[in-house]
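This report sets out the secondary structure, the nonpolar core and the ligand surroundings of the structure shown below.

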Amino acid sequence: MFGFLKGMGITIRQLPTKKVTLMYPNERPQWPERFRGVHEYIPELCIVCYQCARICPTSCISLSGARDDNKKMRIETYDINFEICILCNLCTEVCPTNSIRMTSQFELAEYTRDGLYKNMDWLYHNHVEHGSFRAMQAEKERAAREELEMPVQQKSDDRGGDK
Ligand code: SF4
Ligand code: SF4
(Lines give C-alpha, C1' and ligand atoms only; values in the text may rest on other atoms or scores of the structure.)
(Ligands and ions follow the chains in the order given, each with its own letter.)
Protein backbone atom coordinates (compact mmCIF):
# COMPACT_ATOMS: atom_id res chain seq x y z
CA MET A 1 0.00 0.00 0.00
CA PHE A 2 2.86 2.34 0.89
CA GLY A 3 4.51 1.60 -2.47
CA PHE A 4 1.27 2.39 -4.30
CA LEU A 5 0.87 5.75 -2.51
CA LYS A 6 4.54 6.59 -3.13
CA GLY A 7 4.07 5.84 -6.84
CA MET A 8 0.91 7.93 -7.03
CA GLY A 9 2.73 10.78 -5.28
CA ILE A 10 5.44 10.79 -7.94
CA THR A 11 2.82 10.64 -10.72
CA ILE A 12 0.82 13.55 -9.28
CA ARG A 13 3.97 15.64 -8.81
CA GLN A 14 4.83 15.15 -12.51
CA LEU A 15 1.37 16.12 -13.83
CA PRO A 16 1.92 19.91 -14.00
CA THR A 17 5.49 19.70 -15.34
CA LYS A 18 6.34 20.31 -19.00
CA LYS A 19 6.07 17.20 -21.22
CA VAL A 20 9.33 15.91 -22.69
CA THR A 21 7.68 13.54 -25.18
CA LEU A 22 6.41 14.42 -28.67
CA MET A 23 3.48 13.11 -30.76
CA TYR A 24 5.96 11.79 -33.33
CA PRO A 25 5.70 11.72 -36.35
CA ASN A 26 3.08 14.50 -36.29
CA GLU A 27 5.40 16.59 -34.14
CA ARG A 28 9.02 16.79 -35.25
CA PRO A 29 11.92 17.18 -32.84
CA GLN A 30 14.12 20.28 -32.98
CA TRP A 31 17.67 19.05 -32.80
CA PRO A 32 20.56 21.06 -31.42
CA GLU A 33 22.84 22.77 -33.94
CA ARG A 34 25.62 20.18 -33.63
CA PHE A 35 23.31 17.16 -34.10
CA ARG A 36 24.93 14.47 -36.25
CA GLY A 37 22.32 12.97 -38.55
CA VAL A 38 22.78 11.05 -41.81
CA HIS A 39 24.94 12.70 -44.42
CA GLU A 40 24.24 14.93 -47.36
CA TYR A 41 26.61 14.98 -50.31
CA ILE A 42 27.16 17.59 -53.02
CA PRO A 43 28.94 16.02 -56.02
CA GLU A 44 29.77 19.37 -57.66
CA LEU A 45 32.01 20.28 -54.73
CA CYS A 46 33.83 16.96 -54.44
CA ILE A 47 37.43 16.84 -55.70
CA VAL A 48 37.77 13.05 -55.24
CA CYS A 49 40.62 13.39 -52.73
CA TYR A 50 39.59 10.23 -50.80
CA GLN A 51 40.22 11.95 -47.43
CA CYS A 52 36.76 10.99 -46.16
CA ALA A 53 37.18 7.33 -47.13
CA ARG A 54 40.68 7.16 -45.63
CA ILE A 55 39.71 8.55 -42.23
CA CYS A 56 36.47 6.59 -41.86
CA PRO A 57 37.02 4.23 -38.89
CA THR A 58 34.50 1.67 -40.17
CA SER A 59 35.46 1.83 -43.87
CA CYS A 60 31.86 2.45 -44.87
CA ILE A 61 32.58 5.05 -47.59
CA SER A 62 33.42 3.85 -51.08
CA LEU A 63 33.94 6.20 -54.00
CA SER A 64 35.44 6.43 -57.43
CA GLY A 65 36.24 9.20 -59.87
CA ALA A 66 38.07 10.01 -63.08
CA ARG A 67 39.67 12.99 -64.83
CA ASP A 68 37.44 14.89 -67.22
CA ASP A 69 38.45 16.60 -70.48
CA ASN A 70 39.85 19.52 -68.47
CA LYS A 71 42.02 17.12 -66.39
CA LYS A 72 39.88 17.79 -63.31
CA MET A 73 38.86 14.93 -61.05
CA ARG A 74 35.12 14.27 -61.19
CA ILE A 75 33.21 11.95 -58.90
CA GLU A 76 31.57 8.92 -60.52
CA THR A 77 30.28 6.89 -57.58
CA TYR A 78 29.93 7.75 -53.91
CA ASP A 79 28.34 5.29 -51.48
CA ILE A 80 27.95 5.09 -47.71
CA ASN A 81 27.00 1.89 -45.94
CA PHE A 82 24.82 3.08 -43.03
CA GLU A 83 24.71 -0.44 -41.67
CA ILE A 84 28.15 0.23 -40.19
CA CYS A 85 28.43 4.03 -40.18
CA ILE A 86 28.70 5.25 -36.58
CA LEU A 87 27.91 8.91 -37.44
CA CYS A 88 31.21 9.95 -35.92
CA ASN A 89 31.54 13.05 -38.15
CA LEU A 90 35.21 12.42 -39.00
CA CYS A 91 34.56 12.30 -42.75
CA THR A 92 32.95 15.73 -42.72
CA GLU A 93 35.71 17.20 -40.57
CA VAL A 94 38.43 16.30 -43.06
CA CYS A 95 36.56 17.15 -46.25
CA PRO A 96 38.35 20.19 -47.71
CA THR A 97 35.40 21.33 -49.81
CA ASN A 98 32.42 20.68 -47.51
CA SER A 99 30.91 18.32 -50.05
CA ILE A 100 30.05 15.75 -47.36
CA ARG A 101 28.22 17.03 -44.29
CA MET A 102 26.03 15.82 -41.47
CA THR A 103 22.34 16.78 -41.51
CA SER A 104 19.48 16.87 -39.04
CA GLN A 105 17.90 13.87 -40.82
CA PHE A 106 17.60 10.85 -38.51
CA GLU A 107 14.97 8.59 -40.12
CA LEU A 108 16.86 5.73 -41.70
CA ALA A 109 14.61 2.73 -41.03
CA GLU A 110 14.62 0.13 -43.83
CA TYR A 111 13.13 -3.32 -44.32
CA THR A 112 16.36 -4.80 -45.67
CA ARG A 113 20.04 -4.39 -44.90
CA ASP A 114 20.71 -3.54 -48.54
CA GLY A 115 18.43 -0.54 -48.09
CA LEU A 116 20.99 0.97 -45.73
CA TYR A 117 23.52 1.18 -48.55
CA LYS A 118 23.03 4.73 -49.84
CA ASN A 119 24.41 5.97 -53.13
CA MET A 120 25.33 9.40 -54.48
CA ASP A 121 21.79 10.17 -55.69
CA TRP A 122 20.26 9.38 -52.30
CA LEU A 123 22.89 11.45 -50.48
CA TYR A 124 22.37 14.37 -52.84
CA HIS A 125 18.59 14.08 -52.43
CA ASN A 126 19.17 14.20 -48.67
CA HIS A 127 21.03 17.47 -49.21
CA VAL A 128 18.10 18.92 -51.13
CA GLU A 129 15.46 17.65 -48.69
CA HIS A 130 17.25 18.09 -45.39
CA GLY A 131 19.81 20.88 -45.82
CA SER A 132 21.56 20.86 -42.48
CA PHE A 133 22.42 23.57 -40.02
CA ARG A 134 26.01 22.84 -40.98
CA ALA A 135 25.25 23.38 -44.64
CA MET A 136 23.71 26.74 -43.90
CA GLN A 137 26.61 27.53 -41.61
CA ALA A 138 29.09 26.57 -44.33
CA GLU A 139 27.33 28.80 -46.85
CA LYS A 140 27.54 31.70 -44.41
CA GLU A 141 31.21 30.99 -43.72
CA ARG A 142 31.97 30.83 -47.44
CA ALA A 143 30.19 34.14 -48.05
CA ALA A 144 32.09 35.69 -45.13
CA ARG A 145 35.41 34.34 -46.47
CA GLU A 146 34.67 35.76 -49.92
CA GLU A 147 33.95 39.13 -48.37
CA LEU A 148 37.22 39.01 -46.43
CA GLU A 149 39.21 37.94 -49.49
CA MET A 150 37.87 40.73 -51.66
CA PRO A 151 39.74 43.61 -49.96
CA VAL A 152 42.95 41.49 -49.87
CA GLN A 153 42.74 41.03 -53.63
CA GLN A 154 42.00 44.70 -54.08
CA LYS A 155 44.97 45.58 -51.83
CA SER A 156 47.34 43.40 -53.87
CA ASP A 157 46.00 45.03 -57.06
CA ASP A 158 46.62 48.41 -55.50
CA ARG A 159 50.19 47.41 -54.57
CA GLY A 160 50.75 46.21 -58.14
CA GLY A 161 49.38 49.52 -59.40
CA ASP A 162 51.87 51.50 -57.22
CA LYS A 163 54.91 49.85 -58.84
S1 SF4 B 1 30.39 9.48 -39.96
FE2 SF4 B 1 32.23 8.28 -39.34
S3 SF4 B 1 31.67 6.17 -39.70
FE4 SF4 B 1 30.17 7.40 -40.82
S5 SF4 B 1 30.98 7.62 -42.91
FE6 SF4 B 1 31.74 9.37 -41.74
S7 SF4 B 1 33.75 8.74 -40.94
FE8 SF4 B 1 32.66 6.87 -41.58
S1 SF4 C 1 36.87 14.37 -48.55
FE2 SF4 C 1 35.30 15.61 -49.53
S3 SF4 C 1 36.22 16.27 -51.46
FE4 SF4 C 1 37.45 14.54 -50.72
S5 SF4 C 1 36.53 12.73 -51.69
FE6 SF4 C 1 35.55 12.97 -49.69
S7 SF4 C 1 33.69 14.15 -50.13
FE8 SF4 C 1 35.04 14.39 -51.89
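## Sheet

Two strands are taken to pair if DSSP finds at least two bridges between them. In this predicted model, strand β3 and strand β5 (residues 117–118) meet that criterion with 2 bridges, in the antiparallel sense. Within this pair, N81 stands opposite Y117 in β5. Strand β3 (residues 73–81) also pairs with strand β2 (residues 61–67), again in the antiparallel sense, and here the number of bridges is 7. In that pairing, L63 stands opposite Y78 in β3.

Together the strands form an open sheet of 3 strands in the order β2-β3-β5, with antiparallel pairing. Because β2 and β5 stand at the edges with a single partner strand each, one side of each has no neighbour in the sheet. The hairpin of β2 and β3 has 5 residues between the strands, and K71 in this hairpin takes a positive phi near 65 degrees.

## Helix α1

Helix α1 comprises 13 residues, from 2 to 14. From the first C-alpha to the last, α1 reaches 19 Å, close to the 18 Å expected at 1.5 Å a residue. A residue is counted as buried if 20 or more other C-beta atoms lie within 10 Å of its own. The number of buried residues among the 13 of α1 is 0, so the helix lies largely in the open.

## Nonpolar core

The largest nonpolar core has 9 residues. Its members are Y41, C52, C56, I61, Y78, I80, C91, I100 and L123. In soluble globular proteins, nonpolar side chains tend to be buried together.

C56, one of the core residues, is in contact with I61, L90 and C91 when its neighbours within four places in sequence are left aside.

## Ligand surroundings

Which residues come nearest to ligand 1? Of the 14 residues around this ligand, they are C56, C85, C88, L90 and C91. By class, the shell of ligand 1 holds 12 nonpolar and 2 polar residues, with no charged residue. C56 and C91 thus appear both in the list for ligand 1 and in the largest nonpolar core.

Ligand 2 is surrounded by 14 residues, of which C46, C49, Q51, C52 and C95 are the closest. Its shell divides into 11 nonpolar and 3 polar residues, and no charged residue is present. C52 is listed among the closest residues to ligand 2 and is also a member of the largest nonpolar core.

Note on methods
Residues are numbered from 1 along each chain as its sequence is written. Chains are lettered from A and ligands numbered from 1 in the order in which they are written. This is a predicted model: local features need pLDDT of at least 70, side-chain atom pairs count only at pLDDT 80 or more; totals for chains, interfaces and linings use all residues. A residue is near a molecule or strand if its C-beta atom, placed from the backbone, lies within 6 Å of it. Ala, Val, Leu, Ile, Met, Phe, Trp, Tyr, Cys and Pro count as nonpolar, Asp, Glu, Lys and Arg as charged, and the others, Gly among them, as polar. Helices (H or I, at least four residues) and strands (E, at least two) are DSSP runs, numbered from the N terminus. The expected span of a helix is 1.5 Å times one less than its number of residues. A residue is buried if 20 or more other C-beta atoms lie within 10 Å of its own, exposed if 12 or fewer, and partly exposed in between; C-beta atoms are placed from the backbone. A nonpolar core is a set of buried Ala, Val, Leu, Ile, Met, Phe, Trp, Tyr and Cys residues joined through C-beta atoms within 7 Å. Two residues are in contact if their C-beta atoms, placed from the backbone, lie within 7 Å.
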